[in-house]
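Reader: I should be grateful for a close look at how the helices in this structure are packed. Please begin there and then explain how other selected positions are placed.

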Amino acid sequence: MGKKTLHIISHSHWDREWYMPFENFRIRLVELFNQVLNLLEEDGNGFEAFHADGHVLLIEDYLEVHPEQRSRLEKLVREGKLFVGPWYVLQDAFLTSGEAQVRNLLYGMEKARELGGVTMVGYYPDTFGNISQSAQMLQGFGIKHAVFGRGINPVAENNQVKNEENNGFTSEVWWASPDGSRVLSVFLANWYHNGMELPVDKDEAQKRIDIVVPNVERFATTSHLLLMNGCDHQPVQRDVGTAIRAMNEVLPENYEAVHSNFPRYFHELEGSVGQLHTAVGELTGQITEGYGLLINTASSRLYLKQWNARLQRELERWTEPFSVIADQFGMAYPRHLIRHAWKLLMKNHPHDSICGCSLDEVHREMETRFMKTSQVAEALTTKALTFIASRVPQPQAEASSPFMNGYAITVFNPLERSSGSWVEVEAYSEEAIAVEEWQLLDSVSGQKIDLQVVDEGIVSGFTLPDEQFRIRWKKRKYVLRFHAAKVPALGYTTYYWMPSENNNEAATPKAPLVQSIDGAKVLENERLALTVHMDGRISLTDKRNHKRYDHILTLEDRGDIGDEYNFVQSEDANDLRLGTGGFTSIEDCSVPGVLRLRIEQSWSLPQKREGKQRSKEELTHTFQWLISLEENAARIDVELTWTNLSEDHRLRVLVPTDLQTGDVYADSPFDWTKREIVPWEGWKNPCRTERMQSRVGLKDDKNGFLIATDGLPEYEVLRDGRNTLAITILRCIGELGDWNYFPTPEAQNVGKTQKVRFSLIPVGQDLFEGFNEADAFLYPAKAVAVPIRELTANEGGASGASEVPTRYSLANLEHSDPAVRLTTLKKSENEEAVVLRLVNLMEEPCEVDLKLTGQSNPIVSKGQLDESALSEPLKLEEQDALRSLRDQAGAKRIETYLLKQQPKSKEG
């Protein structure tokens, strides 16, 4: 093989916050970089390069304290001595959305370029498992190399690697996504600390070489061997140059140690690799004993996951797309504020943060960041929706007409397909309204719409006009509830609430009544029937195929003697508790269009752990279920609320499916992942939980069942003969875990009111049938009411935007395969194009039929994830004033389209 090179790369893996709060770690970060800058500028010390952990947020954190050091830092980056990026943060891959990870690379690479250059290496040193689409995402940013530390071998306590369980993998592998994209990758088989604290004494150097070099060579396929000189928050080794000289004095003649960097290492690696193993898809330690994989971080501090899921949805499906639509009607796209919101959110995405495995102080600060993100994102959404709603046309009426005292109500749909939805909207009036004499009209058809109005009395508020001082007011608040049918995809429709021409013609929808049959309560529509018995039994029947699901929504509780990283079942012989004791009350609380039951259930649970068992003392918990079935829906929505009183336990909801299958499907970033239910034969851990983003499903050759969850990312398919889906709704533990004892009393969630939401969706054999129902549950419509007299005249925007119509859709995928799903609609970072991205979740190519209904004569090109153009303009089909893009999305392929307006022709 010729001469072998030991590439020694100095670094410090920088968890921004973890077993100490952020500011405590920042003090050490400042000291680290002050030393690094000095070392890199000194001549003759042998310190050639430093790797800044693959992300730029730590650079921002440093420069906030030392802004005067920016020019020094940039010079070192340009000179190839300090290596930054490509990420903004080192995020957890499973608990953040695909689009969040795209923003992570977009903003990280932009910041790295500002600092002097991007390190084009996908760096995943400590991600708690790696997602299937990583290679395709990296390729979409022109990144051809990756480094990862987890997913193949298990990692033991204090970063000791169990090399004996390598399972045949080498350090150098091709890592491929299911679409075929692949990147040349290095698996850190000896972790990212195998070259830390190198000795400067020759005898000690020889001893280290005798251990380290054989360990690296054991897994290497080339003559280029990687030694990572650093570890978690490791102070820089200032005498690494001396240590390397000591190594070279005792190494055999055919070995050389160099102070290296990742670009140099991969450049030389590419020229020496031969036939390599290909690792395809997820890397989650599937072929291990199943311990120490950190998967149960998905259920630690679930309130963080719920916050994150809600805010990702807000930014991705409301703030960005409706800012695009408002921009087309004349409102400036708030790019900088949207970026600000994303960056606030991403500061909560590092693995020790979003995974909930840090000190209580860390996660308190995260809640503040979530609140700040919420304030920005929701305000921007409101501004965009209000801008549009305030510019819809007034009804055709004289200025003196009583109709002008009414309201325009605009209903918005963030989905890529049209959707019907029950809507609630608030309207405020300076005078009392005789609601029985008013009517709700569809602005397009003129049809009267059944409407329920609730007068909530006088409320106080204020307005902040754009061009004058704040105005406070007292007005009467009305809450309107009605069904908006077929709201256009990625768009809106308008209704007018106004005085009726003929009194008493407006209809008020009646709340349906829950049936009582043989002492049981039954929620039933044309598609589903749910039966609730007082003894606690609940069954669900899919009337379309007569499939019945029995004993669903059972609560399961177990003791947890683990920590924030790992669930460990208590050793109590009576550990398992099932909430099958019956309900204390069942109340019909239906509202128009929705059958609804409020159910109360009492259940005694052990107070805490005692050693490795559960305490004898028990506390009574009261659970309140709210179970809903909309009149035209094919899903059951469930909301469960309770106050947790116990410590050291895990609570789950069980849904037996009795579906005959060996596979389960779950969504992960840009993928619908197929996983085997029964683990590898060497798996020993009795716990077999997995992660999802928002939905999980099972199917056999006849039927399927889907569960959509709001920020509940952990599930398990029980190997109980019934393929029961278990959704974790709470996990309470009292310590951080890992390398020392760190108490985390707030992770016990004692005294906190818990509220979880999920939806049950029985389907046929094709699970994609249920995706529209899942989206309707996760992305309900929003509405804005504006007094008709306050509607802004349709004069177009400063950019020459067209008038605002009463009904509008920017684009839709109505006629595309259900497996084709939208992931983003935003302005490009340079604001020259609208970025529309979708993904084909199928394992085979499928047709895309994208209707561009809201843009006049657009130019459409294919693009990369980095928003660069890939193709010449694509041909669009035109029919009935609609423009269609017909394309084929490859199997599991992420497709990005760039939409630009045709340049206006010059007069004369």
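**Helix packing and selected sites**

Author: Helices α1 and α2 stand roughly perpendicular to each other. The model is a predicted one. The angle between helix α1, residues 22–41, and α2 is about 85°, and their axes lie 9 Å apart. Because an angle of 65 to 115 degrees counts as roughly perpendicular, this pair falls into that class. On the side of α1, the contact is made by Phe22, Arg26, Leu29, Val30, Phe33, Asn34 and Leu37. These residues meet Leu58, Ile59, Asp61, Tyr62, Glu64 and Val65 of α2. A general point helps in reading such a list: an α-helix has 3.6 residues a turn, so residues three or four places apart point the same way.

A second crossing involves α4 and α10. Their axes come within 11 Å and cross at roughly 105°, so this pair, too, is roughly perpendicular. From α4, the residues in contact are Ala100, Arg103, Asn104, Tyr107 and Glu110, while α10 contributes Arg339, Trp342, Lys343 and Met346.

Helix α10 deserves further attention. It runs over residues 335–346, which makes 12 residues. The distance from its first C-alpha to its last is 16 Å, close to the 16 Å expected at 1.5 Å a residue. Of those 12 residues, 9 are buried, so α10 is largely enclosed by the rest of the structure. The buried residues are Arg335, Ile338, Arg339, Ala341, Trp342, Lys343, Leu344, Leu345 and Met346. The elements that cover them include α2 (57–65), α4 (98–115), α9 (302–328) and α12 (360–389). Thus α2, which packs against α1, is also part of the cover over α10.

From the helices we may turn to strands. Glu716 is placed in strand β36, residues 714–718, and it is buried, with a relative accessible area of 5%. Its side chain is joined to the side chain of Arg652 by a polar contact of 2.7 Å. A polar atom of the Glu716 side chain also lies 3.0 Å from the backbone nitrogen of Arg688. Apart from neighbours within four places in sequence, the residues in contact with Glu716 are Arg652, Pro686, Cys687, Arg688, Thr689, Thr724, Leu725 and Ala726.

One of these contacts, Cys687, is itself buried, at a relative accessible area of 8%. The cysteine sulfur closest to that of Cys687 belongs to Cys355 and is 15 Å away, too far for a bond. The count of disulfides comes to 0. Another cysteine, Cys589, is also buried, with a relative accessible area of 17%.

Asp667, in strand β31 (residues 663–668), offers another example of a side chain that reaches backbone atoms. At 10% relative accessibility, it counts as buried. Its side chain reaches the backbone nitrogen of Ser694 at 2.9 Å and the backbone nitrogen of Arg695 at 2.9 Å. Not counting residues up to four places away in sequence, Asp667 touches Trp672, Met692, Gln693, Ser694 and Arg695.

Val258 belongs to strand β9, residues 255–259, and is buried at 8% relative accessibility. With residues up to four places away in sequence left out, Val258 touches Thr5, Leu6, His7, Ile8, Ile244 and Arg264.

The loops provide the remaining positions. Pro86 lies in the loop between β3 (82–83) and α4, the helix that crosses α10. The peptide bond from Gly85 to Pro86 is cis, with omega near 15°. Leu490, in the loop between β15 (471–487) and β16 (491–499), has a phi near 45°, a positive value in a residue other than glycine. Leu490 counts as buried at 2% relative accessibility. Asn749 likewise has a positive phi, of about 60°, although it is not a glycine. The loop that holds Asn749 lies between β37 (724–732) and β38 (753–763), and Asn749 is buried, with a relative accessible area of 3%. Finally, Pro873 is in the loop between β44 (858–863) and β45 (877–879). Beyond its neighbours within four places in sequence, Pro873 is in contact with Ile859, Val860 and Ser861.

Terms used. Residues are numbered from 1 along each chain as its sequence is written. This is a predicted model: local features need pLDDT of at least 70, side-chain atom pairs count only at pLDDT 80 or more; totals for chains, interfaces and linings use all residues. Side-chain values use heavy atoms; hydrogens and water are left out. Helices (H or I, at least four residues) and strands (E, at least two) are DSSP runs, numbered from the N terminus. The expected span of a helix is 1.5 Å times one less than its number of residues. Buried means under 20% relative accessible area, exposed over 50%, partly exposed in between (1.4 Å probe, protein chains only). Contact means heavy atoms within 4.5 Å. A polar contact is a pair of N or O atoms within 3.5 Å; within protein, one must be able to donate a hydrogen and the other to accept it, and residues adjacent in sequence count only if both atoms are side-chain atoms. A disulfide is a pair of cysteine sulfur atoms within 2.5 Å. Axes are lines fitted to C-alpha atoms, for helices over the stretch in contact, and angles run from 0 to 180 degrees between N-to-C directions. Angles under 35 degrees count as roughly parallel, over 145 as roughly antiparallel, 65 to 115 as roughly perpendicular and the rest as oblique.
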